[in-house]
Amino acid sequence: MKQRSHFCSSLNSLKAITSMASSFPCSSVHNRAVPKALLCFCFAICYVLLSFCVSSVSGQAFACGSGSNASSFPFCDKSLPADARVADLVKRLTLQEKITFLVNSAGSVSRLGIPKYEWWSEALHGVSYVGPGTRFSSVVPGATSFPQPILTAASFNNSLFEAIGRVVSTEARAMYNVGLAGLTYWSPNINIFRDPRWGRGQETPGEDPLLTSNYGSGYVRGLQQTDSEDKNRLKVAACCKHYTAYDLDNWKGVDRYTFNAVVTKQDMDDTFQPPFKSCVLDGNVASVMCSYNKVNGIPTCADPNLLSGIIRGEWKLNGYIVTDCDSIDVYYKNQHYTKTPEEAAAKGILAGVDLDCGSFLGTYTEGAVKGGLVTEAAVDKAITNNFGTLMRLGFFDGDPSKQLYGNLGPKDVCTPQNQELARETARQGIVLLKNTPGSLPLSPTSIKSLAVIGPNGNATKTMIGNYEGTPCKYTTPLQGLTAVVPTTFVAGCPDVACGTAQVDDATKLAAAADATVLIVGENQSIETESHDRTDLYLPGQQTRLITEVAKASKGPVILVVMSGGGFDITFAKSDDKITSILWVGYPGEAGGAAISDVIFGFYNPSGRLPMTWYPQAYVDKVPMTNMNMRADPATGYPGRTYRFYTGPTVYAFGDGISYSTFNHRLVQAPKQVSIPLQEDHVCHSSSCQSLDVVEERCQNLAFDIHLGVKNVGKMSGSHTVLLYSSPPSVHNAPKKHLVGFEKVFLSSQGEALVKFNVDVCKHLGVVDELGNRKVALGDHTLHVGELKQTLSVRI
């Protein structure tokens, strides 16, 4: 590869080609007046070499190019409807050719001018090098690396979710145009962060279905929506994963490849499914990925009810369904769901799988067709969905440089604006959990020496988490803090695992400094895909390091926790010597600058926790394998997430404080809503706890809530307004659930009116024991902070 790059860089002009002629036979042949045929042959060789080099820098091969044999086929005719183009393409393929389009590394068909295509690219929080579809090179050495979604979600900022998606898709298109990326991205991860031990919780927007739904649909819109008048077109194609009830990787010998998630119909429909439903209906996502696990005994990638029935039938997915990588192989070999591989291939296709991440369908589908287990028509249906997505992306529209985003290139990746958005996202997500008066923000002028201590104090790659790409650059916490005041640094641990804390050096540093910042937490060796935690304590001797440093410090002590999941840090919460606590997630490439911005008061923190921080006693009694969301007093099971958990917390969902104080007042809200019913409805003559949610009944059942918000503090800043509802105690409903959220910026003493439009059926509904959506009759309590309003829902 290095030789090819060096050679090609030399052929950047005709002059360069001429100057190199002495090293080729052409020159000597010409000088000796050899036959014209040999001379032409030499020039042909030079032309081929030049063409080789041009193709290596101008982008990947493309279908339906002008002048190609295929350009006259109807599937290349952009004036035809997309479905007609796809149908024409499918009918031209042999069965063997069709099967090559059932796998992520899709084959080429030279007779039709169709090049190879790699479906697997990732963009969880920036263009990633995970997956074979994307790579970095000297042409594009890095891409903007945003915070992990768990921290972005903590911003509770809907417009930010979409803005990040737009930047990522622009950088993805720019890389596609120079042959470094694909058009199909298997992101975002919208599984519910059900258990704090889950290693992949960092990839998700947290534990709340509404927040996760808003994040997922917003990020997808940012990735997919184009500037084209044709709203069916895609900028890039997103994928919501992992469908469904997937939130265990490897815990105490139970792994995701064999785990059977036993889920009640009620929990399925009010916790696990809503983000996927929103992703399809609100985000119009182009793909959904089925997961490894079984749900109630059936592998998700072999379940016709979950795939064909719900995703494509009820939700009307406009796109393709893809397996998690090797999922069909997993349910054949690991779960022993079928007796033969051909049967496994047929099960997947018949259930609704269109694309296999892996080679299984490529290997066994032909045998399944010939064995009568699946028809060729079913294969046609699958690849029709795949080709339909590529049509929407412009893959069959010829030269990408002549299309809508053809002008994008390396100049559009890692722009100053994109990098600033990464920094702003981290700032908005950082959560201030504790702040003793007089501690934060630190004064940049009065602090003459700052001790920076901890295994994540000078973190680089740790800050970007997993499913990462090469970032534009890193600003470590130490670099961010050093840019403001003089610092001294000691890690205090050899690594994040902190098998042995080096307390003496750390305490000496803290005792001599005006203030101390302890930066601790985790990295991918502790929590990640295929690796769940077993406890909620800080790793190794980090707790000892923190306690001893705090004891020795002469000034304020700021504890900074870098992680995906929460911890039992009760010791720090109750330690008066630890004056402030910040949770910073995995804050992305600009994380160090954002941490410094908050610590020194250049930014007023406004993030809120998107997940509950439980005490260790919780995980001592609750196995990860128990999928039940609701508490069970009979067994002592405490339930999960803020909506159902009945026990004590270290920090609660939605916790987070500011350097300012914000007051709320109710300006407008109804006290009663009446639901119209037909005169002969049974609830007129009998007492009813709830009513079925049906479209005709729910029309015009929305109302507005207006809240006045005032910043009574001395510092300007953003404020996160969280509106909750506590429904009547029917159908084992949640204690409370999030109805809406808004981010509002207020200067000191500034006021604003925040408006929520509440749909009774959508926002105040509950799910009954059979999975049916209901409107609970009776008194609902709407609340923001300490402000409460009772709303009576009647017939």
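**Group meeting: a first look at the fold and at Thr144**

Okay, so this protein has 26 helices and 27 strands, counted as DSSP runs from the N terminus, with H or I and at least four residues for a helix, E and at least two for a strand. Its radius of gyration is 29 Å, close to the 28 Å from the globule rule for 795 residues, so the protein is as compact as a globular protein of that length. That radius is taken over C-alpha atoms, and the rule is 2.2 Å times the number of residues to the power 0.38.

Quick word on the source: this is a predicted model, where local features need pLDDT of at least 70 and side-chain atom pairs count only at pLDDT 80 or more, while totals for chains, interfaces and linings use all residues. Residues are numbered from 1 along each chain as its sequence is written, and side-chain values use heavy atoms, with hydrogens and water left out.

On overall size, the C-alpha trace spans about 90 × 80 × 50 Å along its principal axes. Of the 795 residues, 59% count as buried, meaning under 20% relative accessible area with a 1.4 Å probe, protein chains only.

Now, let's zoom in on one residue. Where is Thr144 found? Thr144 sits in the loop between strand 2 (117–118) and helix 7 (149–153). Thr144 counts as buried because its relative accessibility is 1%. Leaving out residues up to four places away in sequence, Thr144 touches several others, including His125, Cys414, Cys472 and Glu589; touching here means heavy atoms within 4.5 Å. Glu171 is also one of those neighbours.

Definitions and conventions
Buried < 20%, exposed > 50% of the residue type's maximum accessible area, 1.4 Å probe, protein only.
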